[in-house]
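I opened this notebook page to keep track of what I looked up, strand by strand and then residue by residue.

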Amino acid sequence: AKPSPAAELAEKLESLRLIVEFTDGRKIERPMNKVVRFGVDKGILTIVSTEGSIGRYSIVDVLKISIE
């Protein structure tokens, strides 16, 4: 039997990672299945996780954001 679309999406999200690299060399990596939302508003990068944690970072400190 073919898995449901929701199950297929969950499986694909597990293999993807949100990677944020900072100008000072720090790096944040989060599996996409643990990321509810991320975006930039008024110069602040906000990452909201499924556990309820919210990370806020100044966009001027961000070197690169990627999903791999």
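My entries below take the sheets to begin with, then an aromatic pair, then a serine.

Entry, source of the coordinates. I note at the outset that I am working with a predicted model.

Entry, one sheet. I looked up the strand order and found 3 strands in an open sheet, arranged β2-β1-β6, with antiparallel pairing. I then asked which strands stand at the edges. They are β2 (27–31) and β6 (62–67), and because each has a single partner strand, one side of each is left without a neighbour in the sheet. For the turn between neighbouring strands of this sheet I noted an average of 10°, with direction ignored. Looking at one pairing in detail, I found that β1, which covers residues 17–22, runs antiparallel to β6 and is joined to β6 over 5 bridges; within that pairing, Ile19 has Ser66 as its bridge partner in β6.

Entry, another sheet. Here too I found 3 strands in an open, antiparallel arrangement, in the order β3-β4-β5. The edges are taken by β3 (35–41) and β5, each of which pairs on one side only, and the twist from one strand to the next averages 15°. I followed β4 (residues 44–49) to β5 and recorded an antiparallel pairing over 5 bridges, in which Thr46 is matched with Arg56 of β5.

Entry, aromatic rings. How many aromatic pairs does the structure hold? I found 1 aromatic pair, formed by Phe22 and Tyr57, with the ring centres 5.4 Å apart and the planes at 55° to each other, which is listed as tilted. The pair links distant parts of the chain, since Phe22 belongs to strand β1 and Tyr57 to strand β5 (residues 54–58), 35 residues apart.

Entry, around Phe22. I asked whether Phe22 is buried or exposed. Its relative accessible area is 3%, and because buried means under 20%, Phe22 counts as buried. I also noted that the charged end of Arg26 sits over the Phe22 ring, 4.2 Å from the ring centre.

Entry, Ser66. I returned to this residue of strand β6 and checked its accessibility, which is 15% in relative terms, so Ser66 is again on the buried side of the cut-off. Its side chain makes a polar contact of 3.1 Å with the side chain of Glu68. Setting aside neighbours within four places in sequence, I listed the contacts of Ser66 as Arg17, Leu18 and Ile19; of these, Ile19 is the residue I had already entered as bridge partner of Ser66.

Key: Residues numbered from 1 in each chain as written. Predicted model: local features only at pLDDT ≥ 70, side-chain atom pairs only at ≥ 80, totals over all residues. Heavy atoms only, no water. Pairing = 2+ DSSP bridges. Helix = DSSP H or I, 4+ residues; strand = E, 2+ residues; numbered from the N terminus. Axes fitted to C-alpha atoms, helices over the stretch in contact; angles between N-to-C directions. Phe/Tyr/Trp six-rings, centres within 6.5 Å; stacked < 30°, edge-to-face > 60°. Buried < 20%, exposed > 50% of the residue type's maximum accessible area, 1.4 Å probe, protein only. Lys NZ or Arg CZ within 6 Å of the ring centre and 35° of its normal. Polar contact = N/O pair within 3.5 Å; in protein donor to acceptor, adjacent residues only side chain to side chain. Contact = heavy atoms within 4.5 Å.
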